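Here's a quick briefing to read alongside the structure. It goes through confidence, then helix packing, then aromatic pairs.

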Amino acid sequence: MASKTTGTKADIFARIKTDHDTIRGLLDKTEKANGSGRAVFEELQRELWAHSKVEEGVFYASLKKAKEAKSETVEGLNEHHLINGLLDELNAMKTTDSGWKEKLQVLGELVRHHLDEEEEELFEEAREVLDDDRAAELGSAYGERKTHIMAGLAPL
């Protein structure tokens, strides 16, 4: 079953995939900035934080009782925890500090692995559990929560 969009409404799979593409782009920009991209890193950090919180609260929460997706969901939560830890460490450093670039590389590898695994494995398992109506409902809830969180994280 393919993810569906109707007008401006996207199902949960399309919304998450759009976020993943945004995150991949921000990772590329941050890595290419080569130590001079604090603003881009901060944008990446906001996007990752908001994405993980909304994904956990909407998507993962809807799957946690489904045995078909339980293992992948728990793994995803653990990966979010590791990603947040690396973000905290990078945030405490200057982009010119020794080791910042290497830590960013580790973050990039972990995030890309996580995004790919969700799209290739968790989505497939979730489609066994979520019918089209539920996927659309979750997509709406995801979009609303993400909008509110990003507004709250916007720089002053």
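A word on pLDDT before we start: it's the predictor's confidence in each residue, on a scale from 0 to 100. You're looking at a predicted model, and the chain averages a pLDDT of 90.

**Confidence**
- Of the residues, 94% score at least 70.
- Which element of the chain has the highest mean pLDDT, and which the lowest? Helix α1 (residues 12-32) takes the top spot at 96, while strand β1 (residues 5-6) sits at the bottom with 40.
- Across residues 1-8 the pLDDT drops below 50. That stretch still has 15 contacts in the model beyond near neighbours in sequence.

**How α3 meets α4**
- Helix α3 covers residues 70-91 and helix α4 covers residues 100-129; the two pack at an angle of about 160°. Their axes are 10 Å apart.
- Angles over 145 degrees count as roughly antiparallel, so that's the label for α3 against α4.
- The crossing of α3 past α4 is left-handed.
- What sort of residues make up the contact of α3 with α4? It's a mix: 12 nonpolar, 5 polar and 9 charged.

**Aromatic pairs**
- The count of aromatic pairs comes to 5.
- One of them joins Phe-13 and Phe-59 in an edge-to-face arrangement. The centres are 6.0 Å apart, with 85° between the planes.
- Phe-13 belongs to helix α1 and Phe-59 to helix α2 (residues 38-63), so this pair ties together parts that lie 46 residues apart in sequence.

Key. Residues numbered from 1 in each chain as written. Predicted model: local features only at pLDDT ≥ 70, side-chain atom pairs only at ≥ 80, totals over all residues. Heavy atoms only, no water. Axes fitted to C-alpha atoms, helices over the stretch in contact; angles between N-to-C directions. Helix = DSSP H or I, 4+ residues; strand = E, 2+ residues; numbered from the N terminus. Parallel < 35°, antiparallel > 145°, perpendicular 65-115°, else oblique. Left-handed = near helix turned anticlockwise from the far one by under 90°. Nonpolar A, V, L, I, M, F, W, Y, C, P; charged D, E, K, R; others polar. Contact = heavy atoms within 4.5 Å. Phe/Tyr/Trp six-rings, centres within 6.5 Å; stacked < 30°, edge-to-face > 60°.
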